[in-house]
Amino acid sequence: MLKLDETQKRLLREVADLHAVPEGAYNIRSNSRSVGRRSTAHIEIIPKTDVSGLEIRIEPGTKNESVHIPVVMSESGLKETVYNDFYIGEDADVVIVAGCGIDNCGTQDSRHDGIHRFFVGKGAHVKYVEKHYGSGTGTGRRILNPVTEVYQEENSSVEMEMVQIKGVDDTARTTKAALAAGARLVVRERLMTHGVQHAVSTYAVSLDGADAAADVVSRSVAREDSFQRFEAKIIGNAPCRGHTECDSIIMDRARILAVPALEANVLDAALVHEAAIGKIAGEQIVKLMTLGLTESEAEERIIDGFLQ
Amino acid sequence: MLELQNVSFSVADGGAEKEIIRNVSLTIPDKKLVAVTGPNGGGKSTLARLIAGIERPTEGRILFRGEDITEKSITERAALGIAFAFQQPVRFKGIRVLDLLRIAAGRQLSAADACAYLSRVGLCARDYIGREVNASLSGGELKRIEIATVIARGAVLSVFDEPEAGIDLWSFRNLIEVFEDMRKTIRDSSILIISHQERILNIADEIVVLKDGAVERQGRREDVLPSLIGTSAAVGSCLAAESGEGKRSAC
């Protein structure tokens with residue numbers, strides 16, 4: 001069994017819903033070192049020798065298997081950059097669960113920059129879940145700067161669920177994707193900021209092959225004095241379909257900047273963007289109050305639903 | 001059950017005060033269905049919102065089961081047993097029909113219990129339970145879900161603000177049966193419906209006619225309705241007249 005303290009276990013539950021050692025392949029990184037790792041018959045996890053990070057190789061045709069690579073940090077002042085590369089073989093069908101939880105009870109900033117690259121083989125399907133979470137009463141900030149690069153071969157599909165709901169003081173999230181013919185990318189991002197938090201999320205998706213399709217949807221809530229910037233650019237270099245949507249609830253004194261962008265370089269690139277920012281409708285609160293909730297309970301329920 | 005005592009409500013209109021409700025005194029008796037009708041702009045919806053606590057009277061008092069609730073909030077009134085169905089149901093992104101019914105019931109309803117409420121309003125429950133209460137639902141569907149949330153409250157006083165508004169006659173015909181059913185199963189509760197529809201007025205025990213913010217008439221249906229037939233206060237329709245033919249949607 002892994003040797004983790006209660007804080008580390010709590011972080012692990014928050015970012016990966018893990019209560020015990022996961023099934024399948026995994027690597028659990030705690031305070032900058034691996035505290036548990038397992039490869040399986042079809043999934044090999046190899047530590048890198050030149051930089052900190054892992055190489056994860058998934059054999060072609062691997063079906064219904066999972067990889068968990070959560071990161072927890074509970075020592076104040078840690079700063080790290082981790083390079084993880086995923087090679088997903090042709091026709092594989094896997095779930096990859098990443099995520100980082102930082103508990104900072106000290107005065108120094110803690111920072112984790114995860115650089116993830118996905119090389120997705122022909123016809124493969126990947127579901128990628130990434131949760132970010134921060135806690136702790138210290139004045140040191142909790143900083144996460146994930147970079148995600150996705151290279152999709154023909155007819156592959158990737159579903160990404162990116163969640164950052166609580167406690168991360170500063171984040172700059174960069175996601176790039178390049179899709180070959182027939183490939184499909186679906187991104188669902190959920191973000192909530194509060195206090196004086198600052199979050200920037202930038203997407204650049206390049207649809208390079210015929211019939212490639214991307215759907216990038218962000219739902220966010222900015223509370224108190226926080227700031228969010230969402231930039232999503234979809235580039236159509238072939239006959240393709242692209243859609244990006246940013247839907248935000250603004251509260252208190254928060255600020256939100258949404259910058260959707262589309263670039264069509266061929267006639268048959270069909271690209272759509274939608275962006276909406278607004279406060280919670282008063283009627284929504286009133287309706288839930290008539291059902292017995294208090295005003296603040298109603299507000300929380302509306303936000304919970306919105307970020308579901 | 002509910003008593004309005006000399007209730008007035010004004011809003012600022014430019015520099016002047018505009019009186020929407022004028023010195024209304026009204027009693028909703030126990031175990032009765034009371035319909036409030038009258039011309040558009042007469043203050044009917046405002047009256048309903050004053051009862052639910054969404055608006056507060058500028059003058060007068062509101063008593064609920066003998067308790068003065070004039071200063072009580074919407075939430076407090078809900079806790080006392082007042083439920084309110086909006087004329088235009090509110091949409092929510094991400095909140096499912098099941099979630100809304102659970103909030104309304106105030107407990108972790110099972111899917112089967114939630115389905116029972118939806119069936120009462122003529123919705124095929126399994127098609128709806130997991131759907132979001134968002135723009136993908138039609139006006140008629142939203143109206144039924146709105147009514148189901150009020151039923152799920154198990155309220156002492158249920159207030160419906162123009163249930164016929166915003167839906168087609170076909171949907172309305174089916175909806176009438178829901179209210180007929182509610183009328184039959186009234187126990188220790190009362191129902192107040194704001195409506196112009198003759199068929200709703202037809203199932204009321206009492207009718208209140210509100211005009212220019214004041215009660216013009218109030219009395220038993222038999223006494224009040226005949227004088228309203230053919231006026232804008234009691235709108236009939238060919239579809240609505242085919243009373244027996246409205247069918248609940250089958251599951």
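Trainee: Which residue follows H1(B), and what is the sign of its phi?

Mentor: In this predicted model, local features need pLDDT of at least 70, side-chain atom pairs count only at pLDDT 80 or more, and totals for chains, interfaces and linings use all residues. Residues are numbered from 1 along each chain as its sequence is written, while chains are lettered from A and ligands numbered from 1 in the order in which they are written. Helices (H or I, at least four residues) are DSSP runs numbered from the N terminus. After H1(B) comes a residue with a positive phi, near 95°, and that residue is Gly53(B).

Trainee: Why is helix H1 of chain B described as largely enclosed by the rest of the structure?

Mentor: A residue is buried if 20 or more other C-beta atoms, placed from the backbone, lie within 10 Å of its own. The buried residues of H1(B) include Lys44(B), Arg49(B) and Ala52(B). Helix H1 (residues 44–52) of chain B is largely enclosed because its buried residues number nine of nine.

Trainee: Which helix gives the most to the largest nonpolar core?

Mentor: A nonpolar core is a set of buried Ala, Val, Leu, Ile, Met, Phe, Trp, Tyr and Cys residues joined through C-beta atoms within 7 Å. The largest one has 156 residues, and Ile82(B) and Val159(B) have the most contacts inside it. With seven residues, the helix giving the most is H6 (residues 139–153) of chain B.

Trainee: Which helix gives the most to the side of chain A that touches chain B?

Mentor: Residues are in contact if their C-beta atoms, placed from the backbone, lie within 7 Å. The contact takes 16 residues from chain A and 20 residues from chain B. On the side of chain A, seven residues come from the helix that gives the most, H2(A).

Notes: A residue is buried if 20 or more other C-beta atoms lie within 10 Å of its own, exposed if 12 or fewer, and partly exposed in between; C-beta atoms are placed from the backbone. Helices (H or I, at least four residues) and strands (E, at least two) are DSSP runs, numbered from the N terminus. Two residues are in contact if their C-beta atoms, placed from the backbone, lie within 7 Å.
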